[in-house]
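Q: I am new to reading protein models. Could you take me on a close look at the nonpolar core of this one?

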Amino acid sequence: MNIIRKAKDWVLTALLAIIISMIIAVFLMQPYVVKGASMESTLFDGNRIFVSKLMHTLNDLPKHGDIIILDSNIHEQRNLKDSILELPHFALLHKGNADKYVKRVMGLPGDIIEIKSNYIYRNNELLQEDYIKEDMVGIADQVWTVPEHHVFVLGDNRNFSVDSRKLGYIPVSHIIGKVIK
């Protein structure tokens, strides 16, 4: 009987550890691996990063310049089930259908973002961006007004980034978290 009791204790301890790790990963923080070159020279392909999910958990808006992880499947509603199925615990059982992008927040609700002569302006002010990999080239002048409950994001490697210029505005509900440096 002693062996059965010890086995039961081990199983309960393991289950408790899994549940606690899932709660931490869904609501507090989770590691990610950067895929692609869209955030060079700030983050590189293969970099391991930690993402704070408190912003998402508390329904808080990011700040200008924050680097975030977002769910690219912006045309579908995101819910708790998505956050759970994306955990490494379920990676073998469920393959998510949305890519995760790492981007920099350039515009918040109400902001006017403008590309003019390959430079970025926010609310008519030229942004000083010492973090971008290289100057944008061949980008047509455009203007966006960020709607409520959305953000506008760009990659630091502007010439090789899938971001709000292609995806459109990102619903705040699709921000998974903020990169912790």
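A: Here is a walk through the core, followed by its setting in the protein. This is a predicted model, in which local features need pLDDT of at least 70 and side-chain atom pairs count only at pLDDT 80 or more, while totals for chains, interfaces and linings use all residues. Residues are numbered from 1 along each chain as its sequence is written, and side-chain values use heavy atoms, with hydrogens and water left out.

A nonpolar core is a set of buried Ala, Val, Leu, Ile, Met, Phe, Trp, Tyr and Cys residues joined through side-chain atoms within 4.5 Å; buried means under 20% relative accessible area, with a 1.4 Å probe and protein chains only. The largest such core has 13 residues, and I68, L70, V105, V151, V153, I170 and I175 touch the most other members. At least two residues of this core come from each of β3 (67-71), β4 (100-107) and β9 (150-154). These strands are DSSP runs of E, at least two residues long, numbered from the N terminus.

Now zoom in on V151. Leaving aside residues up to four places away in sequence, V151 touches P62, V105, G107, L108, V146, S164, Y169, I170, V172 and I175, where contact means heavy atoms within 4.5 Å. There is also a second, separate core of eleven residues, with Y32, V51, I69 and V102 among them.

Stepping back, 39% of the 181 residues of the protein count as buried. Of the contacts with a separation of 6 or more, 68% join residues 24 or more positions apart. In soluble globular proteins, nonpolar side chains tend to be buried together.

How values were computed:
Buried < 20%, exposed > 50% of the residue type's maximum accessible area, 1.4 Å probe, protein only. Helix = DSSP H or I, 4+ residues; strand = E, 2+ residues; numbered from the N terminus.
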